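User: Please take a close look at one part of this model and describe how it is built and what surrounds it. A connected account is preferred to a list.

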Amino acid sequence: MAKHNCAICGAEVGLISEQKLADGNYICRKVCVKKCMKIFNKVEATLDSVKSHIEQVEYGTKVWNQIFVPLKKTKKKEEKMKQFGKNGQLYVSPSTGLVALTENRYKIFIFGKSTIACVYRLADLYGYEYESEKVKNSDGKEETKHYCVLLFHNTPGMYEVRMEVRSREYEDMEKYFNTQFGIQKTLGNIKNTWKQQINAAKAVAGAVKAVKDGTVDDAVAENTVDALDAAVYGDRTEWIAKADAALAKVAK
Ligand SMILES: [Zn+2]
């Protein structure tokens, strides 16, 4: 039987103790696989993506402990977090502009649990789509599992999160995120959406004019893209500022 070495820690691994990655590398299940979140797809991962995911979990867990754990006990209404997911694994903190995906690790012989986390900026959330899957449960009956697939921009490591949600929970999540980004097309919000669309139209008109004049430059092009993004995805400026202010306080 061929022996391999873990491409991260160097430990010798065999058929049962190894995890093969998409690029042909092997990592050890005993230590290095455990540094990844369970929902991180190792089969499709490369050594580079595993390494950046491990960094993401190490940093995220630090942020979780320093920012989210104290916030769980807050009495202030404006600091309250929103929790989503089948196990309540996703925490959204509007007061800091951060999102934490958590996983609890239970110690078998020692009482207690520990939590690892990936932390994202809410501003980088650019997709939240519904997915379902039919599976056979242990009684052989078919059941439907529900998922929300989150997609984060500007994120090294795990940037696509396929999290299991409760039945019909997705609608609540979609509505919640749309509201946070001001892209909900309800009567109360239509003014805001309309304003963004006007800004987008103006920016596009400006870019068209600039092309005609031969004065198009990067700044004009960038303004256009930003305005279009704001119309489709909502204006993220304040969310970016909030998240970066919160993350700047995280101790190394
Ligand atoms: Zn290893």
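Analyst: Arg168 is found in the loop between strand S11 and helix H2 (169-180). Helices (H or I, at least four residues) and strands (E, at least two) are DSSP runs, numbered from the N terminus. The model is a predicted one, in which local features need pLDDT of at least 70 and side-chain atom pairs count only at pLDDT 80 or more, while totals for chains, interfaces and linings use all residues. Residue numbers start from 1 along each chain as its sequence is written.

The phi of Arg168 is near 65 degrees, a positive value in a residue other than glycine. Most residues other than glycine have a negative phi. Arg168 is exposed because 8 other C-beta atoms lie within 10 Å. For this count C-beta atoms are placed from the backbone; a residue is buried if 20 or more others lie within 10 Å of its own, exposed if 12 or fewer, and partly exposed in between.

The loop between S10 and S11 holds a further positive phi, that of Asn154, where the value is near 50 degrees in a residue other than glycine. Asn154 counts as exposed, since it has 11 C-beta neighbours inside 10 Å. Tyr159 has its place in the loop between S10 and S11 too, but Tyr159 is partly exposed, as 19 other C-beta atoms lie within 10 Å. Setting aside neighbours within four places in sequence, Tyr159 is in contact with Leu151 and Phe152; contact is taken as C-beta atoms, placed from the backbone, within 7 Å. From C-alpha to C-alpha, Tyr159 is 9.3 Å from Leu125, although 34 residues separate the two in sequence.

These loops belong with an open sheet of three strands, ordered S9-S10-S11 and paired antiparallel. Both S9 and S11 are at the edges with a single partner strand each, so one side of each has no neighbour in the sheet. Neighbouring strands are turned by 25 degrees against each other on average, direction ignored. Two strands pair if DSSP finds at least two bridges between them, and strands of a sheet pair through backbone hydrogen bonds.

S9 (residues 125-136) and S10 (residues 142-152) are antiparallel and share 11 bridges. Leu125 has Phe152 as its bridge partner in S10. The two strands form a hairpin with five residues between them, and in its turn Gly140 has a positive phi of about 80 degrees. On the other pairing, six bridges join S10 to S11 (residues 160-165), also in the antiparallel sense. Here Met163 in S11 is the bridge partner of Cys148, and Val165 in S11 stands opposite His146.

Beyond Arg168 the chain enters H2, which lies across S9, S10 and S11 and runs at about 175 degrees to S9. Such angles run from 0 to 180 degrees between N-to-C directions, with axes as lines fitted to C-alpha atoms, for helices over the stretch in contact.

Leu125 links this sheet to the interior. Apart from neighbours within four places in sequence, Leu125 is in contact with Val99, Tyr120, Leu150, Phe152 and Phe177. Leu125 is also among the residues with the most contacts inside the largest nonpolar core, which has 41 residues; others in that group are Val99, Ala100, Cys118, Val119 and Leu122. A nonpolar core is a set of buried Ala, Val, Leu, Ile, Met, Phe, Trp, Tyr and Cys residues joined through C-beta atoms within 7 Å. Helix H1 (residues 47-72) gives the most to this core, with five residues. The core also draws at least three residues from each of domain 1 (1-35) and domain 2 (44-180), with bounds from an automatic or database domain assignment.

H1 lies across a second group of strands, S6, S7 (98-106) and S8, at about 100 degrees to S8. They belong to an open sheet of four strands in the order S5-S6-S7-S8, with antiparallel pairing. S5 (82-84) and S8 (113-121) are its edges, each with a single partner strand, so one side of each is left without a neighbour in the sheet. The twist averages 25 degrees from one strand to the next. S5 is joined to S6 (residues 90-93) by three bridges, and Phe84 has Leu90 as its bridge partner in S6.

The protein has five helices and 11 strands in total, and 25% of its 252 residues count as buried.

Terms used
Contact = placed C-beta atoms within 7 Å.
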